[in-house]
Amino acid sequence: SFPGLATAQEDKALARVNGVIITEKDLSLAMEELGASMPRGMDDAQKRKNAINFLIDLQLGARAAEAAKIAETPEFSRRMTYMRNKLLMDEFVMREATKNATPEAARQLYEETIKKIEPEPEVRARHVLVETEEEAKKIHERLSTGKEDFAKIAAEVSKDPGSKTDGGDLGWFSKGRMVEKFADAAFKLNVGQISEPVQTQFGWHVIRVEEKRMKEPPSFESVKAEIDNYLVRQSQQNVVLGLRKTAKVEILDKPPADKPAEPKKP
């Protein structure tokens, strides 16, 4: 491999504006700022083109502002100092916080958290949803014979568009995910057992439980990104609090005194 080749690709020239080169690294900085504001559905090539055009306009606008001596005004100097301090603080806090968001810390937090998670029962069930109790009773009678296929009946008559095409299959769910009456009925059933008609605000249900299990905690891999983000945010707060502890801070701003109440007119 050629080390110099990677460096050249990372900072290759993308445009020239009045002799000033705009590079790949400049583009990366612009994309950090512009990425979230670009329209959804825009492909990467269009995003890149838009960002390069933004950098061209930025270069032109900045040079025009310099020619107008805007950079020499006290207001600009104050804003420049503020922005410099903000960028420095953001970079410092992020670097320090990232040091604490280690794979070991993430794994430890995960292990500590799942120890506190109580095992939770789940069921996988099918249902047929109809509008009236009479319809539900007829479906229950048909299914109770054991001669008709539950999934086939659900596909034919169920009013639930979300599960009808899957033979009424609702997948795995815990008790808290369903309305109370439906959940109570489903969790009382044994595997393979069919419920009496159950009424909810959606209509009348006939339910069959396919499987039961105890819910497994999420895998480390599935929540690692969330844990890393939490550790970084927590560490950022700790870094700022640590800086405060070692500094002498005086709040000179005083809230305005309350005005005395005006005497009531007789």
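A residue counts as buried when its relative accessible area is under 20%, as exposed when that area is over 50%, and as partly exposed in between. Keep these cut-offs at hand during the tour, which goes through a predicted model.

**First stop: a nonpolar patch**

Select Phe76, which you will find in helix 4, the helix of residues 74-100. Its relative accessibility is 33%, a value between the two cut-offs, and phenylalanine 76 is therefore partly exposed. Now add Ile70 and Met80 to the selection and show the surface, because these two residues and Phe76 make up a nonpolar surface patch of about 270 Å².

**Second stop: salt bridges along the helices**

The structure holds 16 salt bridges, and the next selections visit some of them.

Stay on helix 4 and select glutamate 91 together with arginine 95, whose side chains meet in a salt bridge with an N to O distance of 3.0 Å. Both residues belong to helix 4 and stand four residues apart, which is about one turn of the helix. Is each partner exposed or partly exposed? Arginine 95, with a relative accessible area of 56%, is exposed, whereas glutamate 91, at 42%, counts as partly exposed.

Go next to helix 3, residues 44-67, and select arginine 63 and glutamate 66, which are three residues apart and so are separated by about one helical turn. Their side chains also meet in a salt bridge, at 3.0 Å from N to O. Arginine 63 has a relative accessible area of 37% and is partly exposed, and glutamate 66, at 46%, is partly exposed as well.

For another pair of this kind, select arginine 107 and glutamate 111 in helix 5, residues 103-115, where the two lie four residues apart, about one turn of the helix. In this salt bridge the closest N and O atoms are 3.7 Å apart. Glutamate 111 is partly exposed, with a relative accessible area of 33%, and arginine 107 is partly exposed too, with 35%.

**Third stop: the sheet**

Switch to a cartoon view and look for the open sheet, in which four strands follow one another in the order 4-3-6-5 with antiparallel pairing. Which strands stand at the edges? They are strand 4 (169-174) and strand 5 (198-200), and because each has a single partner strand, one side of each is left without a neighbour in the sheet. If you turn the view to follow the sheet across its strands, the twist you see averages 45° from one strand to the next.

Strands of a sheet pair through backbone hydrogen bonds, and they may do so in a parallel or an antiparallel way. For an example, select strand 5 and strand 6 (residues 203-215), which run antiparallel and are joined by three bridges. Within this pair, glutamine 199 stands opposite tryptophan 204 of strand 6.

**Fourth stop: helices on the sheet**

Add helix 6, residues 133-144, which packs on the sheet and touches strand 3 (120-130) and strand 6, its direction making about 50° with that of strand 6. Then add helix 7, residues 150-157, which lies across strand 3 and strand 6 and runs at about 50° to strand 3.

**Last stop: a salt-bridge network**

Finally, show the side chains of Arg124, Asp169 and Glu211, which are linked in a network of salt bridges.

Notes:
Residues numbered from 1 in each chain as written. Predicted model: local features only at pLDDT ≥ 70, side-chain atom pairs only at ≥ 80, totals over all residues. Heavy atoms only, no water. Pairing = 2+ DSSP bridges. Axes fitted to C-alpha atoms, helices over the stretch in contact; angles between N-to-C directions. Contact = heavy atoms within 4.5 Å. Patch = residues over 30% accessible without salt bridge, like charges linked within 9 Å, V, L, I, M, F, W, Y side chains within 5 Å. Areas by Shrake-Rupley, 256 points an atom, 1.4 Å probe, with all protein chains shown as cover. Salt bridge = Lys/Arg side-chain N within 4 Å of Asp/Glu carboxyl O. Buried < 20%, exposed > 50% of the residue type's maximum accessible area, 1.4 Å probe, protein only.
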